[in-house]
Amino acid sequence: MDYVDTPHPERGIQQSFQVRGRVRGWFFRVEERPDGSWQVRGRDLHGQVVSVVGEGPEEALATAETEAQVLSDQGLRRNT
């Protein structure tokens, strides 16, 4: 597919969700909260979202990726 004159669909998500996770098609944003915990929000190209709060950024990201994989797997099962 050619995206010369129009922005690639992933570009908008990547600007807000800057971490590409290990789950295909998902992007994540990792932020430290005022209470010292970490929040990870993830979104895919279909508008599905996950949000996780954890004690550390790696732990929260890993949990968010697990939740994203479950959502992706459920979507694949519905489409087949």
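The questions and replies below go through a predicted model and ask what lies behind the terms used for it.

Me: How are residues numbered, and what limits apply to the values of this predicted model?
Reply: Residues are numbered from 1 along each chain as its sequence is written, and side-chain values use heavy atoms, with hydrogens and water left out. Because the model is predicted, local features need pLDDT of at least 70 and side-chain atom pairs count only at pLDDT 80 or more, while totals for chains, interfaces and linings use all residues.

Me: What makes a stretch of the chain a helix or a strand, and how many of each does the chain have?
Reply: Helices (H or I, at least four residues) and strands (E, at least two) are DSSP runs, numbered from the N terminus. The chain has two helices and four strands, which follow the pattern α-β-β-β-β-α when read along the sequence.

Me: Why is Ala-64 called buried?
Reply: Buried means under 20% relative accessible area, exposed over 50%, and partly exposed in between, with a 1.4 Å probe and protein chains only. Ala-64 has a relative accessible area of 0%, so the residue counts as buried. Ala-64 lies in helix H2, residues 57-79, and, leaving out residues up to four places away in sequence, touches Phe-28, Val-40, Val-50 and Val-52, where contact means heavy atoms within 4.5 Å.

Me: Which residues of strand E4 point to the buried face?
Reply: In strand E4, residues 49-54, the side chains alternate, with Val-50, Val-52 and Gly-54 pointing to one face and buried, whereas Val-49, Ser-51 and Val-53 point to the other face and are not buried.

Me: How do you know that E3 and E4 pair?
Reply: Two strands pair if DSSP finds at least two bridges between them. Strand E3, residues 38-44, and E4 have six bridges in the antiparallel sense, so they count as paired. One of the residues in E3 is Gln-39, whose bridge partner in E4 is Val-53.

Me: What makes E2 and E3 a pair as well?
Reply: Strand E2, residues 26-32, and E3 are joined in the antiparallel sense over seven bridges, and Phe-28 stands opposite Gly-42 in E3. The two strands form a hairpin with five residues between them, and Gly-36 in the turn has a positive phi of about 90 degrees.

Me: Is Gln-39 buried or exposed, and what does its side chain contact?
Reply: With 14% relative accessibility, Gln-39 counts as buried. Its side chain makes a polar contact with the side chain of Arg-41 at 3.2 Å; a polar contact is a pair of N or O atoms within 3.5 Å, where within protein one must be able to donate a hydrogen and the other to accept it, and residues adjacent in sequence count only if both atoms are side-chain atoms.

Me: Why is the pair of Arg-29 and Glu-31 called a salt bridge?
Reply: A salt bridge is a side-chain nitrogen of Lys or Arg within 4 Å of a carboxyl oxygen of Asp or Glu. The closest N and O atoms of Arg-29 and Glu-31 are 3.7 Å apart, so the pair qualifies. Glu-31 also forms a salt bridge with Arg-41, at 4.0 Å. This pair links distant parts of the chain, with Glu-31 in strand E2 and Arg-41 in strand E3, 10 residues apart. Arg-29, Glu-31 and Arg-41 are thus linked in a network of salt bridges.

Me: Why is Asp-35 called exposed, and what is Arg-33 called?
Reply: Asp-35 has 56% relative accessibility and so counts as exposed, whereas Arg-33, at 33%, counts as partly exposed.
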